[in-house]
Amino acid sequence: MYDDNNRFPRLPWIILGLGIVFLAIGSYIGLFVAPPEALMGQVQRIMYVHVPTAWNALLAMTFAFVCAVIFLFKSDWKWDARMEAAIEVGVVLAFLLCCQGAIWAKPTWGVWWDWDPRLTTTAVLLFAFLGILALRKFVDDPARRAIWSAVATIIAYVDVPIVYYSVRWWNSLHQLQSSPSTVSRQFWLPLRMNAFGILFLMTAFIMLRARVASMRLKHELAPPPVLGEMA
Amino acid sequence: MLTAALRKELLLQWRSRAQFMAVFVFGAAALLLFSFAVGPVAELLRQFSAGFLWLGLLLSSTLTLAESFHAEMENRAMEGLLLLPSNPRALYYGKAIANWLQLTLLGIALIPVMVVLYDAGTTRVPMLILVIALGTAGLSAPGTLYAAMTAQVTSKQTLLPLLLFPLIVPALLASVKATSLIILGDPMNQVRSWIVLLASFDAIYWSLCGLLFGNVVEE
Amino acid sequence: MSGMIPGGWNYVVAAYSVTAIVLAIYGASVIARLRNEITRRNHD
């Protein structure tokens, strides 16, 4: 229906629907069914979207890295399209993560940003991948654009653990806060549902966005039209 | 192969030493501007002197790095160089080393400016130079790679810092921290750990960028 | 840290709303771009 090469044109839409359903149910449980946490009260509920977003942001970036590596080896355009999609979705999720983190931090620590290593690394990652998207916008030649952004993605992704450890170290000298990592057993259900919800949404977004990239590429690589046919 | 490339680069840099002077003045001006941002409070300035030095170096590095491929771009020599039997790796390391040397020199030249403006003197000068060398190495490796990319693009001015700055955050953190400890005092001898972090960052990026450089300049 | 945080609900609502809004807007933009590409392809 949309793309000649695609055998399952409806698949992304099904996954999208599933994602919305899971996210809706998981959020409902997280908001209204799960009891408030002992120490932090209602604010804890933010974790039910924050943690799933974090998992999926990292997943998107990892997938972008994998696509980049595969593209450099195989020079197959579809991996470039998928990488572009994964980077864009990853940027959106990373941005979301920073917003959620700030909303969580304000009531908890009294400041909008507490230099938590994971969140700070996410911010750096956000800028790094935004830069790669900018690079793609400014390079016209598709082959160069693909190769360069693949190289940049690999370099940025390798940097992630290094950034994380250096920020953690840098921060540990000043603060000894515990991060909001532990969620006790009874709260797993909304967390899992939202995790799957965002996973499905992310997958659907990547599939659809990759299709957009793929179609644009086809248009770019197509031979120029004969003069008489130009609109 | 590498020595030939390196010799060519150093010759090019020597020929454009006026450019180096200009970048130095830019860096010194940046350090001055930072003090205006904070105010004439001696203790505060001394506290942040390491940060200012490295921010000044970082900003200056975008000028140096962008210039480093200028010769190639002017005469479209990039393709010509690749037709020579030398491999892209030699070209990369030659340029990266030359850029590194220039940045280290710049850092050392800015030390007296820092000492004067921020009252940030120290007796541990060899250690300070080591930190500057390791930190600028961290800037030079990815910087040279991205300079090669962005030299061939129209909006190179914005793209180079945009791509480089998030990447070198660990090198920046470690360099500032180490420099700060050297200037302000280091009772628990933490400098060594930061230097190890810097050295590891350098090792990883000098190998990774060299490996990937071939992809960036091939036609 | 001990005790419950007062006024937490506002932040919770903010977080969930931001999440929903950002995801919805992004999804809409992807779908819009896809429609664009399809109409352009059908025109060629």
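**Exercise 1.** In this predicted model, determine how the reach of helix H9 of chain B compares with the span expected at 1.5 Å a residue, and establish whether H9(B) is enclosed or open to its surroundings.

*Solution.* Helix H9 of chain B covers residues 169-184, which gives 16 residues. The expected span is 1.5 Å times one less than the number of residues, and for H9(B) that comes to 22 Å. From its first C-alpha to its last, H9(B) reaches 22 Å, close to the expected value. For the second part, a residue counts as buried if 20 or more other C-beta atoms lie within 10 Å of its own. Of the 16 residues of H9(B), 15 are buried, and the helix is therefore largely enclosed by the rest of the structure. Just after the helix, B:Gly185 adopts a positive phi of about 115°.

**Exercise 2.** Describe the packing of helices H3 and H6 of chain A: which angle do the helices make, and how far apart are their axes?

*Solution.* Two packed helices are described by the angle between their axes and the distance between the axes. H3(A), residues 77-109, packs on H6(A), residues 188-221, at an angle of about 135°, and the axes lie 8 Å apart. Because angles over 145 degrees count as roughly antiparallel and those from 65 to 115 as roughly perpendicular, H3(A) is oblique to H6(A). The crossing of these two helices is right-handed. By class, their contact has twelve nonpolar, one polar and five charged residues. On the H3(A) side the participants include A:Trp77, A:Arg82, A:Glu88 and A:Leu93; those of H6(A) include A:Phe205, A:Arg209, A:Ser214 and A:Leu217.

**Exercise 3.** Analyse the contact between chains B and A: which helix of chain B supplies the largest share of its side?

*Solution.* The contact takes 22 residues from chain B and 23 residues from chain A. On the side of chain B, helices H7 (125-151), H8 (156-167), H9 and H10 (191-217) each supply at least two residues. The largest share, seven residues, comes from H10(B). By class, this side of chain B has 18 nonpolar, three polar and one charged residues.

**Exercise 4.** Establish which of the two pairs of chains in contact shares the most contacts, and state how chains B and C are placed relative to each other.

*Solution.* Chain C brings 24 residues into contact with 29 residues of chain A. The chain C side of this contact has 17 nonpolar, four polar and three charged residues. Of the two pairs of chains in contact, A and C share the most contacts. Chains B and C do not touch, and their nearest C-alpha atoms are 23 Å apart.

How values were computed
Residues are numbered from 1 along each chain as its sequence is written. Chains are lettered from A and ligands numbered from 1 in the order in which they are written. This is a predicted model: local features need pLDDT of at least 70, side-chain atom pairs count only at pLDDT 80 or more; totals for chains, interfaces and linings use all residues. Helices (H or I, at least four residues) and strands (E, at least two) are DSSP runs, numbered from the N terminus. A residue is buried if 20 or more other C-beta atoms lie within 10 Å of its own, exposed if 12 or fewer, and partly exposed in between; C-beta atoms are placed from the backbone. Two residues are in contact if their C-beta atoms, placed from the backbone, lie within 7 Å. Ala, Val, Leu, Ile, Met, Phe, Trp, Tyr, Cys and Pro count as nonpolar, Asp, Glu, Lys and Arg as charged, and the others, Gly among them, as polar. Axes are lines fitted to C-alpha atoms, for helices over the stretch in contact, and angles run from 0 to 180 degrees between N-to-C directions. Angles under 35 degrees count as roughly parallel, over 145 as roughly antiparallel, 65 to 115 as roughly perpendicular and the rest as oblique. A crossing is left-handed if the near helix is turned anticlockwise from the far one by less than a right angle, and right-handed if clockwise.
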